[in-house]
Amino acid sequence: MARRGTTADLAVDLGTSNTRIVARGGGVVHEAPTAVATRPGVKGSEVVAVGKPARRMLGRTPDEIKVIRPVRGGVIADFDATELLLRHLFRAVGTRSLRKPRVLVCVPTGTTEVERRAVQECVRAAGAREVLLAATGMAAAIGADIPVMEPSGSLIVDIGGGRTDIAIVSLGGLVVRRSIQVAGSAFDEALVRWVRQNHALLVGDATAEAMKLRIGAAARVEPERTMRVRGRDLPTGAPREVDLTSFDMAEALHDHVDRIRKTVIDALREAPPEIAADIHDRGLVLAGGGGALPYLDRVLSDATGLPVLQPDQPERCVALGGAVLLEDAALFERVAQAQ
Ligand SMILES: Nc1ncnc2c1ncn2[C@@H]1O[C@H](COP(=O)(O)OP(=O)(O)OP(=O)(O)O)[C@@H](O)[C@H]1O
Ligand SMILES: [Mg+2]
């Protein structure tokens, strides 16, 4: 637990797709894909690459190299690889003091006590002196400039790579929270499946993500955009190309988008009436990289009747909120209980 009036040196948003770190007083968000490439060495496995270069190797490695994405669905799945990644990033960020840093880590809502302790242990093993935890939903709200301490409710929906976190905040607490493991990576997997089923073509995860970024769509909205995609023909095994459109993407992503839509509506239904009225005035804040999927804002706005606001740097909200908490020990103390 933090001592009164103290806060951490570094804030970490350990995301499924990207890890972001901010140092106190630095203001810059350092980010790297949450990926580590290893190969067997004399003393256990040795690191080949971390972050961006590791991510580029995905799906392209010889047998002896393994690319690990150590966080799944917002939760650490591979502790050794996460420790390696964080150790590398801590070094890259550098801290002013010679002492080991105190580190604030944002963890998704619904993280169990066992998982929270595991995060703390892992971050300590990576070089932290002490590990403080904050809820990602709260950090995202702060990073999106929501006045979280006011007696007024705000709704934030953070759609990342592994998780969609929905939080309604008021008076420094989380009034309603929902978290589902449907987000950017699930979108990519759905696209791989759709292309396989509809075109008997196998595309890799990286290609699926590229499709999503180029022609992705949460709904069929004109103009229809097209992209040529290359994969492996399933019957013959030969390389083959196919033209896909944004309407195809909307069809492939329909079930996931619908699940997110329903979860947001559920969260709103759970909000006390006064808070529902506040949200009606303020709208829904859409954060996270996955939230940038074209027309998702429109789907959520149509479903809820609320205006949807997108912060300037939606995928950085959690890290930016973490940065605010590093500077403001009093605020950290007041929101630390929110889980
Ligand atoms: N313009 C875009 N359209 C659709 N998806 C996008 C866009 N930009 C980024 N993404 C997706 O956003 C996801 C990454 O978002 P983000 O960095 O917020 O996730 P994360 O914080 O690492 O994950 P999580 O919070 O779920 O653990 C990836 O799946 C990426 O493909
Ligand atoms: Mg995130």
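The following exchange concerns a predicted model and the reasons behind several statements made about it.

Reader: How do you know that C122 is in no disulfide?

Author: A disulfide requires two cysteine sulfur atoms within 2.5 Å. The closest cysteine sulfur to that of C122 belongs to C106 and is 15 Å away, so the pair is too far apart for a bond. C317 is likewise in no disulfide, as the nearest cysteine sulfur, that of C106, lies 12 Å away. The structure as a whole holds 0 disulfides.

Reader: Are C122 and C317 to be called buried or exposed, and on what grounds?

Author: Buried means under 20% relative accessible area. C122 has 5% relative accessibility and therefore counts as buried. C317, at 2%, counts as buried too.

Reader: What makes a residue part of the surroundings of ligand 1, and how many residues surround the ligand?

Author: A residue is included if one of its heavy atoms lies within 4 Å of the ligand. Around ligand 1 there are 21 residues, and the closest are T16, S17, N18, E209 and K212. By class, this shell has 13 polar, 5 charged and 3 nonpolar residues.

Reader: Which backbone atoms make polar contacts with ligand 1, and how do you know?

Author: The cut-off for a pair of N or O atoms is 3.5 Å. A polar backbone atom of S17 is 2.7 Å from an oxygen atom of ligand 1, so this pair meets the cut-off. For G289, a backbone N or O atom lies 2.8 Å from an oxygen atom of the ligand. For R163, the distance from a polar backbone atom to a ligand oxygen is 2.9 Å. The protein covers 84% of the 650 Å² of accessible area that ligand 1 has on its own.

Reader: Which elements give two or more residues to the shell around ligand 1?

Author: These are strand β2 (18-23) and helices α5 (184-199) and α6 (205-215). The largest share, 3 residues, comes from α6.

Reader: Why is ligand 1 said to lie between two domains?

Author: Domain 1 comprises 10-34 + 69-139 + 317-335, and domain 2 comprises 146-310. Both give residues to the shell around ligand 1, so the ligand lies between them.

Reader: What makes R20 a buried residue, and which side chain does R20 contact?

Author: R20 is found in strand β2. Its relative accessibility is 8%, and the limit for buried is under 20%, so R20 counts as buried. The side chains of R20 and E31 are joined by a polar contact of 2.5 Å.

Reader: Why is the peptide bond between E222 and P223 called cis?

Author: Its omega is about 0 degrees. In general, most peptide bonds are trans. P223 lies in the loop between α6 and β15 (226-233).

Reader: What makes the phi of D145 and of L171 worth remark?

Author: Most residues other than glycine have a negative phi. D145 is not a glycine, yet its phi is positive, at about 65 degrees. L171 is not a glycine either, and its phi is positive at about 50 degrees.

Reader: Where do D145 and L171 lie, and are they buried or exposed?

Author: D145 is in the loop between α4 (136-143) and β11 (154-159). L171 is in the loop between β12 (164-170) and β13 (173-180). Exposed means over 50% relative accessible area. With 70%, D145 is therefore exposed, and L171, at 56%, counts as exposed as well.

Technical notes:
Residues numbered from 1 in each chain as written. Chains lettered and ligands numbered in written order. Predicted model: local features only at pLDDT ≥ 70, side-chain atom pairs only at ≥ 80, totals over all residues. Heavy atoms only, no water. Buried < 20%, exposed > 50% of the residue type's maximum accessible area, 1.4 Å probe, protein only. Polar contact = N/O pair within 3.5 Å; in protein donor to acceptor, adjacent residues only side chain to side chain. Areas by Shrake-Rupley, 256 points an atom, 1.4 Å probe, with all protein chains shown as cover. Helix = DSSP H or I, 4+ residues; strand = E, 2+ residues; numbered from the N terminus. Nonpolar A, V, L, I, M, F, W, Y, C, P; charged D, E, K, R; others polar. Domains from an automatic or database assignment.
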